[in-house]
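Please look through the structure below with the following explanation at hand. The text starts inside the fold and then turns to a pocket and the surface.

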Amino acid sequence: MALYDRDYQANAYERSAVNVNQFVKQTYQLFAASMLVGSAGAYVGLGMASTIASMYWVLVIAELALLFGLHAVINKPGINLMVLFAFTFMSGLTLAPLLVSILSLPSGGSIVANAFLLTSVAFGGLSLFAMNTNRDFTAMGKMLTIGIIILIVASLINMFTQSSIFQLAIASIGAILMSFFILYDTQNIIKGNYSSPIQGAVALYLDFLNLFIMLLQILGIFGRDD
């Protein structure tokens, strides 16, 4: 589970309507670029999944370090992009063992494709809803952060129990939680509660990535013979 930091408070990025459009455009451009780099990382990782699995936690720690580092250099042009893409590439690498385990199933290719399709449709639909609804989702930050913490603790517990039913429940709740994160982060982008487009882009990337992981786990569990 990637790290989330969702306490934006009142450091709104004050700008005119023209600047709002430019900010949103840059944010989604960086999000798209992050998706491409993350996909490249996953593609590279597929060829070395066993090696990645053997040093998985080292790579996860490196991934989290890059995410923390990104917050530290968020306002340093050039360096911030390098750290952003290093993080997204690393996140793709750490995703490779899960992808390989799903692809090894009889209908593994279809499961991965369906999970990505469902994630894309859900992400697009929820983003459009967040942009056009009168409901305010920006006050959900603390509640969603608590939800993430509970989900991480449950995932750690299931590392020892190895229960498919428990994992299905975690992934299902996680998918719902990620859906609310998409609503929350999309509205924070269009309302200016970010210091830079990179901050918005990495938030959307984490939302998409984790929703994809949750759906992949759900479909993978149903796709197993046992």
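**From a buried threonine to the surface**

Once neighbours within four places in sequence are set aside, Thr119 is in contact with Phe208, Leu211, Phe212 and Leu215. The model is a predicted one. Thr119 belongs to helix H5, which covers residues 108-132. Its relative accessible area is 0%, and because buried means under 20%, Thr119 counts as buried.

One of these contacts of Thr119, Phe212, leads on to a pocket. The second largest pocket has a volume of about 260 Å³. It is lined by 16 residues, and those closest to its centre are Ser39, Ala42, Leu95, Phe116 and Phe212. Phe212 therefore appears twice in this account, as a contact of Thr119 and as one of the lining residues closest to the centre of the second largest pocket. Four helices share in the lining: H1, H4, H5 and helix H8 (197-222) each supply at least two residues.

Two of these helices, H1 and H4, also bear on the surface. Tyr43, Val44, Leu46, Met48, Phe89, Val100 and Leu103 form a nonpolar patch there, and together they have about 600 Å² of accessible area. Helix H1 (17-46) and helix H4 (79-103) are the elements that give two or more residues to the nonpolar patch.

Is Phe89, a member of this patch, buried, exposed or partly exposed? Phe89 lies in helix H4 and has a relative accessible area of 30%. Partly exposed is the class between buried, under 20%, and exposed, over 50%, so Phe89 is partly exposed.

How values were computed: Residues numbered from 1 in each chain as written. Predicted model: local features only at pLDDT ≥ 70, side-chain atom pairs only at ≥ 80, totals over all residues. Heavy atoms only, no water. Patch = residues over 30% accessible without salt bridge, like charges linked within 9 Å, V, L, I, M, F, W, Y side chains within 5 Å. Areas by Shrake-Rupley, 256 points an atom, 1.4 Å probe, with all protein chains shown as cover. Salt bridge = Lys/Arg side-chain N within 4 Å of Asp/Glu carboxyl O. Buried < 20%, exposed > 50% of the residue type's maximum accessible area, 1.4 Å probe, protein only. Contact = heavy atoms within 4.5 Å. 1 Å grid on protein atoms, 1.4 Å probe; cavity = no way out; pocket = protein on both sides within 12 Å on 5 of 7 lines; lining within 4 Å. Points joined across faces, edges and corners; volume = space filled by probe spheres on them.
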